[in-house]
Number of protein chains: 2
Amino acid sequence: MRIGEAAAAAGMTAKTLRFYEDSGLLPEANRSSNGYRHYNHESVTRLEFIRRGRAAGLTLAQIREILALRDAGEAPCTHVQELLEVQLAALDQQIAELTALRSSVAALRATATAQPPASCDPARICSYL
Amino acid sequence: MRIGEAAAAAGMTAKTLRFYEDSGLLPEANRSSNGYRHYNHESVTRLEFIRRGRAAGLTLAQIREILALRDAGEAPCTHVQELLEVQLAALDQQIAELTALRSSVAALRATATAQPPASCDPARICSYL
DNA sequence: CTCGACCTTCCCCTATACTGGAAGGTCAAG
DNA sequence: CTTGACCTTCCAGTATAGGGGAAGGTCGAG
């Protein structure tokens, strides 16, 4: 299949496929005599792998690393597990920080709501914020 | 205090402070007669707020919006309160999305961990990801 | 034979959040 | 008086993940 079809099958654009090829996530595509890239089912599987990795929050660099291991004939499973552990820890950290920030903003709102309307003088900086 | 000292106090670089000023996250700094910016404790508090927001995954645009509420001298307080509500909702949304992503990654890890090593066939893309 | 939908390469642009470095001014210490 | 550590502005580059659009080649349908 040609690039547009493969891209659609993987839920991406042709532009993205060329970008992935340039970025080393895809091998250089086979070309027909007219120079068109063509892809097979395996290519689409690889693209879906990339898409799922992105959806899981992996960077293209991380995905490239996994694919490189696979292409070298080495089972990436241990490496994938390590990457997932790292990703989980990062997410936990991020969620904790965001939750703390939410508390801060909620406190601001609580203070703002508790202010008597009379203190809301447009000429003043709303100091409770 | 001068820019380097304020930056160090907030765990940033002087470059970043100038960038934040240009980006509208900091008001134009007061200058000494020699043109040096100078800052006070309040400035550092603001910088720390920004840093916490960044650590929590907020964009500078989001932080700028929250800070604009702090600075909203002319805004009617009801409007300020509305904006705080919007910010809170945005934070809740962001926390929900991160939490969903975390579940997704945790599920991937669980599947990966449960895979018998024998199924990690180099000829296959790790199908559990 | 032309039309439209594809495809190609090429280069530049987007947004985010800085970072580096050049060229020059300021200031306290030795 | 010079040195070095600051500070100033301005211009340019980095990394990420693509997107826009030009200029041109290819192909099946009408």
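This passage describes how two protein chains meet two DNA strands in a predicted model, and how two helices of chain B pack.

The model is predicted, so local features need pLDDT of at least 70 and side-chain atom pairs count only at pLDDT 80 or more, while totals for chains, interfaces and linings use all residues. Residues are numbered from 1 along each chain as its sequence is written, chains are lettered from A and ligands numbered from 1 in the order in which they are written, and side-chain values use heavy atoms, with hydrogens and water left out.

We may begin with DNA strand C. Around this strand lie 19 residues, of which A:G4, A:R18, B:K15, B:Y20 and B:Y36 come nearest; a residue is near a strand if one of its heavy atoms lies within 4 Å of it. Sugar or phosphate holds 68% of the atoms of DNA strand C within 4 Å of the protein, and bases hold the rest. Polar contacts are pairs of N or O atoms within 3.5 Å; within protein, one must be able to donate a hydrogen and the other to accept it, and residues adjacent in sequence count only if both atoms are side-chain atoms. Phosphate oxygens of DNA strand C lie 2.6 Å from a polar side-chain atom of A:R18, 2.8 Å from one of B:Y20 and 3.2 Å from a side-chain N or O atom of B:N34. Helices here are DSSP runs (H or I, at least four residues) numbered from the N terminus. Among them, α2(B) gives the most to the surface near DNA strand C, with 4 residues.

DNA strand D also has 19 residues around it, and A:K15, A:Y20, A:Y36, B:G4 and B:R18 come nearest. Of the atoms of this strand that come within 4 Å of the protein, 66% belong to sugar and phosphate. Bases are reached too: a polar side-chain atom of A:Y36 lies 2.5 Å from a base nitrogen of DNA strand D, and one of B:Y36 lies 3.4 Å from a base oxygen. A backbone N or O atom of B:R37 sits 2.8 Å from a phosphate oxygen of DNA strand D. The largest share of the surface near this strand, 4 residues, comes from α2(A).

Turning to the helices of chain B, B:A6, B:A9 and B:A10 in α1(B) meet B:V44, B:L47, B:E48 and B:R51 in α3(B), where contact means heavy atoms within 4.5 Å.

Technical notes. Axes fitted to C-alpha atoms, helices over the stretch in contact; angles between N-to-C directions.
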